[in-house]
Amino acid sequence: MVRHKVVLHFPHEQVDKPIVSKLVRDYNLDFNILKASITPREEGLLVLEITGEDDDYQRGMDYIKSRGVSVQPLSQDIRRNDERCTHCGACLAVCPTDALRADRSTMEVLFDDEECVACELCVKVCPPRAMEIHY
Amino acid sequence: MGKTIAEINERIKRGEAVVVTAEEVIGIVEEKGAERAAQEVDVVTTGTFGPMCSSGAFINLGHAQPRMKIHRAWLNEVPVFCGIAAVDIYIGATEMAEHDPLNEVFPGEFRYGGGHLIEDLVAGKTVHLRATSYGTDCYPNRAWERDLTLADVKEAWLFNPRNAYQNYNVAVNLSDRVIYTYMGVLRPNLGNANYCSAGQLSPLLNDPLFRTIGIGTRIFLGGGIGYVAWHGTQHNTEVPRGPSGAPTRPAGTISVIGDLKGMSPRYLTGYSILGYGASLAVGIGIPIPVLDEEVVRAAAVRDEELVAAVVDYSHDYPQGTGKLLGEVTYAELKSGSINLDGKVVPTAPLSSYSRAREIAEKLKDWIAQGRFLLSEPVELLPCSAREEEVG
């Protein structure tokens, strides 16, 4: 059993086609939509958490890519610029998972990108703007 | 038997001074008692690092050729105050760059303001000056543009009218919608509680009656050396107090000054506060000379004894009702959640405790190495509770 968070970029011509639903029907994968948006130029962006057998996952991703959809691991998406982070803790008020949490002994803010669901709430809330989006 | 600042300075010069941080002194007083601690410890160092909106910098730009009496000016498109002589200006930390959308698309991001400009200058970056004027016989120039760095200007001083608040409110939101405040994002129905003080490390909470901190006190300011210039604006000492004398409400403040050229962006950082505005996070560390037992006892205050008031920022703060929802300690706030009428509310700080600790440690090193001597205050700051005690 594997669990991966991925970012899918749909080209304009694929946005209206049922692609992701095939992951469930044909590849026995479960998914949880973390984020979905369509840009003004009608390109789609979908952030998914996918769970299933490793084989099924690989085959499912091959299928998605064959439809012209690019697949990136999510862990690359939100990064902390450690030079800018002042460890104030303002982000703790909005992080919905434990990706951002305080080490209570040092009172430093820890960032665990494995727990990050790329909701981006921290990005604008961070006063020194240390949380960056990298697609 | 007390000590004087002159005696402490002699010990610093000889490399014999015992310097500890406001965290370390807690254990020393607990273990040895205040009487022995007062004999053994010479200086307690404090620290704080948080957004301090009432901050800014005076700069003398030097003269253009031909000369110009600046009427309006912008640095990196941030309007600066020009109503002082010909080429003196003041950068306000919360001033926004021209054409910033502010809160037109709510909540506004406030990406670049006076605080960011000050950080860029201190970091040695090039900034762009644009100035206009109406022309006089002695100052004929009407337009001036140039790139400059901090090294190019004649004088540059950080001069902050109100910093280092002695205690502050804990902000919550009782309404049913998210609100965006200078205390950060507050989720509805008591979704979170935000606070902004270094608590047991905070300078003014360690000298609650201003027995040692006064006009002319030499301090760590923005990574360089600064001085207490005066009490800060909104300085208020007529407030309820806890056992150490520490106020349980926002109380005293200080106005500080220092040479911007010796400072560092690590301790002067531009902040963008969502839906509110731009600001400057300022690092301040104040040394407390252990003159007697009273001083060391107050400096040994711990988070468990320091209390702050919880205020609703959806109604009571904006409307100025003065209503408080309750009191909590900094130990509770730092644990990650507080209990408000039976509801567990997660907490988030805006003041960086880890950087406050770093500042207190740095100041301790400076003093221990003999690089930083204590100054004798010219005059103590007004404090009704101390004055009544003495009077």
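This briefing introduces chain A, a nonpolar core and a charged surface patch. The structure is a predicted model. Chain A has 135 residues, of which 44% are buried. The largest nonpolar core draws on elements of both chain A and chain B.

**Chain A at a glance**
- Chain A holds eight strands and three helices.
- Read from the N terminus, its elements follow the order β-α-β-β-α-β-β-β-β-α-β.
- The C-alpha trace of chain A measures out at about 50 × 35 × 20 Å along its principal axes.

**The largest nonpolar core**
- This core counts 56 residues, and the ones touching the most other members are A:Leu100, B:Met183, B:Tyr313, B:Ile367 and B:Leu374.
- From chain A, strand 3 (44-52), strand 6 (100-103) and helix 3 each supply at least two residues of the core.
- From chain B, helix 1 (5-13), strand 13 (184-186), strand 19 (268-273) and helix 8 (353-368) each do likewise.
- Helix 8 of chain B contributes the most, giving four residues to this core.

**A negative patch on the surface**
- Five residues of chain A, namely A:Asp98, A:Asp112, A:Asp113, A:Glu114 and A:Glu115, form a negative surface patch.
- One of them, A:Glu115, sits in the loop that links strand 7 (108-111) to helix 3 (121-125) of chain A.
- A:Glu115 has a relative accessible area of 36%, so it counts as partly exposed.
- That value also fits its place in the patch, because patch residues need over 30% relative accessible area.

Note on methods: Residues are numbered from 1 along each chain as its sequence is written. Chains are lettered from A and ligands numbered from 1 in the order in which they are written. This is a predicted model: local features need pLDDT of at least 70, side-chain atom pairs count only at pLDDT 80 or more; totals for chains, interfaces and linings use all residues. Side-chain values use heavy atoms; hydrogens and water are left out. Patches are made of residues with over 30% relative accessible area and no salt bridge: like charges are joined within 9 Å, nonpolar side chains (Val, Leu, Ile, Met, Phe, Trp, Tyr) within 5 Å. Accessible areas come from the Shrake-Rupley method with a 1.4 Å probe; for residues, only the protein chains shown count as cover. A salt bridge is a side-chain nitrogen of Lys or Arg within 4 Å of a carboxyl oxygen of Asp or Glu. Lys and Arg count as positive and Asp and Glu as negative; His and the chain ends are not counted. The place of a charge is taken as NZ of Lys, CZ of Arg, CG of Asp or CD of Glu. Buried means under 20% relative accessible area, exposed over 50%, partly exposed in between (1.4 Å probe, protein chains only). A nonpolar core is a set of buried Ala, Val, Leu, Ile, Met, Phe, Trp, Tyr and Cys residues joined through side-chain atoms within 4.5 Å.
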